[in-house]
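Here's a quick briefing to read with the model open beside you. We'll go through a helix, a couple of sheets and a pocket.

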Amino acid sequence: MRVLVVGAGTMGHGIAQICAMAGYDVVLVDISDEILKNALKKIEWSLGKLAEKGRIESLKSVLTKIKTTTNLSEAAKEADFVIEAVVEKTDVKREVFRVLDENCREEVILATNTSTIPITDIASDTSRAEKVIGLHFFNPPTLIKLVEIVKGEKTSNETLEKTIEFAKSIGMDYVVVEKDVPGFLVNRINLRVFVEAIRMIEEGYKAEEIDSVARYRLGLPMGILEVVDFSGVDVVHNVLSEVTRRGFNVKPPKLVEEMVKDGRLGMKSGRGFYEYKGMYGRAKIPKKFAYKINPLRLVAPAVNEAAWLLRNGVASRESIDKAMTLGMGYPRGILEIADDYGIDRIVETLDRRREETGLKEYEADELLREMLKENKLGKKTGEGFYKWMYERMDIGSVIYEKRHNYALITMNRADKLNALNEEMWAGLKKAFLKAKEDEDVRVVVITGKGRAFCAGDDIAVMSSWKKFADGKDFFEKVAMPLIETLSSYTKPIISLVNGYAFGGGMELNLFFDVVIASEEASFSVPEGLIGAMPPIASTLGVGMVGRKLAVYCLTGDVMDAEEAKNLGIVDIVVPHDQLELVGIEYAEKISKLAPRSSKAIKESVNSVRQVFAAALKVGVKELIELIPTEDFKEGMNAFIQKRKARWKGE
């Protein structure tokens, strides 16, 4: 079988190479011998790299299968399957297809690699519209093993089936785009993300800040603006012009046209959104910017477009997610990402952008509105674009939710700043044990309802202790069961500190594995100011975090989130509106670990905490011994009466 590839540019020569590697005889056509000569050099270089890695046996055996010519009419007469990959201009493509139609045998399928132009338009100048089909490869086709197969209005099922078989024969996976819409599937979603990123540049954000979110939080292989530079700013400009002319609702950013006029075309010109040394240089994207921008700014427009594609029958949800994972390297499909973050958060972001810009393109799709109305919010309700395992129950003053692969535990005494009373201590223990026993749950996330994570032990409970036995009984029967559970817990725990984390609320975080704090969070162990002492912070905390924590135990000073991070109590500080999102991101990252590996790491970490177990017992003993003292009684009374304590040292 002889495959004719028309166009020897970046895509054309790559397509010719993979067809030859699959064993086909290939004829590569372009308008000049110089272009064809350069194309063969690039193919030879690429094959050489593959040979070095042992992925092909012989460079020469593949090269001999590729012939070149500038005579399209003659080459078309011998072709068995045609792939057109010329410049993305409708008039040029239609002329190529006119020549192909006149010279190819009537049974030959004419495929176009167009990324944006409707197949029906390209087929309109032929007498075989039923045999014209889209076969869109991704750049570079030698590495990205996916094609979009796009049906025109008159494309026959026979043509579709034969094209699918051809794609499989050259080692490509595929998605079928059922309707001939401008930009098809991947590029429609990409353009939403590209445009949003470029608008953020126009707003004053730096490229590194935007791409840091894409790389380190969304898990994309390249930054969004890095991809634009790689593809070519001029290419993106042309694509935007093409799809908007055909009804795609987007307002192209002015910056794109300005960059094209200035020759800032991306990697190929050495300068775009970044500066490059060499054709395949990589942009330097620091991780420190990862939390400056809310990822929903980039995700929401993409999800909105995906919802439009799904609602209009352009592609199935499986095809949409497959296209974005295989075609663009997303770690999860865009619809699955939406279910992770929550459809409510997606719609909130779109509504806010609609209000800020006045642009109709941010109007949330009907499908998203309907999902919101039906409470199909994703993992947080058990159904979104997909169905998920979900369970919710109230355990006293604790809310327990199973969200498919992680559990969310919420302390629910907002009116009391989630202070720890007996019911809360017991509820937390039961919730953690429930998550531990559920094999589906890989990670546990804990947070507090309202403006506090947890303000510490309930003063009403503490003031009820009158004698040594009262405190001893409380710690043995109420507090220590949870502490012992956490000390030996074998599943990773992520803490989302949303506000006050005082006293026992701060001390609980010393048992958690990843502590993520809102910029509005604050930390303190002020027990000494009310005649008590922090038994966990002054022992386990000082041992694990360091001597500096003793200063805060002795002074009761309040730390902001950054201070707590510098001290080692907090791992990550994020804007308040991103706290839950970051927790979800870490839950997904940790869930990728092998279960036994995760458990082994936890066992090892727990063994470090066990080193300080004896010290912790001393701390608890010291606190219990303070209970019958006059100073303890005075501290409780002073706190309740909102006055300064008068210590006697008794």
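Which residues of helix α23 (residues 548-555) are buried? Keep in mind that this is a predicted model. The buried ones in α23 are L549, Y552 and C553, and the bullets below start from there.

**Helix α23**

- Look down the axis of α23 and you'll find its buried residues within an arc of 105 degrees, so they line one face of the helix.
- Flip to the other side of α23 and you get K548 and L554, which are exposed.
- "Buried" here stands for under 20% relative accessible area, and "exposed" for over 50%.

**The seven-stranded sheet**

- Seven strands make up an open sheet with mixed pairing, and their order is β9-β10-β11-β12-β14-β16-β19.
- At the edges sit β9 (390-395) and β19 (572-574), each of which pairs on one side only.
- On average, neighbouring strands in this sheet are turned by 20 degrees against each other, if you ignore direction.
- For one of the pairings, check β12 (residues 443-448) and β14 (residues 493-497), which run in the parallel sense and share four bridges.
- Within that pair, V445 stands opposite I494 of β14.

**The four-stranded sheet**

- There's also an open sheet of four strands, again with mixed pairing, in the order β13-β15-β17-β18.
- β13 (452-454) and β18 (559-560) are its edge strands, and each has a single partner strand, so one side of each has no neighbour in the sheet.
- The partner of β18 to look at is β17 (residues 522-524): these two pair in the antiparallel sense over two bridges.
- To spot that pairing on screen, find F523, whose bridge partner in β18 is M559.

**The second largest pocket**

- The second largest pocket holds about 720 Å³ of space.
- It's lined by 33 residues, and the closest to its centre are A455, G456, D457, I459 and F639.
- Several elements give two or more residues to this lining: the helices α19 (459-462), α20 (468-487), α21 (504-508) and α27 (613-626), plus the strand β15 (500-502).
- That strand, β15, also belongs to the four-stranded sheet, where it's listed between β13 and β17.
- Sorted by class, the pocket lining comes out as 23 nonpolar, seven charged and three polar residues.

Notes. Residues numbered from 1 in each chain as written. Predicted model: local features only at pLDDT ≥ 70, side-chain atom pairs only at ≥ 80, totals over all residues. Heavy atoms only, no water. Pairing = 2+ DSSP bridges. Axes fitted to C-alpha atoms, helices over the stretch in contact; angles between N-to-C directions. 1 Å grid on protein atoms, 1.4 Å probe; cavity = no way out; pocket = protein on both sides within 12 Å on 5 of 7 lines; lining within 4 Å. Points joined across faces, edges and corners; volume = space filled by probe spheres on them. Nonpolar A, V, L, I, M, F, W, Y, C, P; charged D, E, K, R; others polar. Buried < 20%, exposed > 50% of the residue type's maximum accessible area, 1.4 Å probe, protein only. Arc of directions from axis to C-beta.
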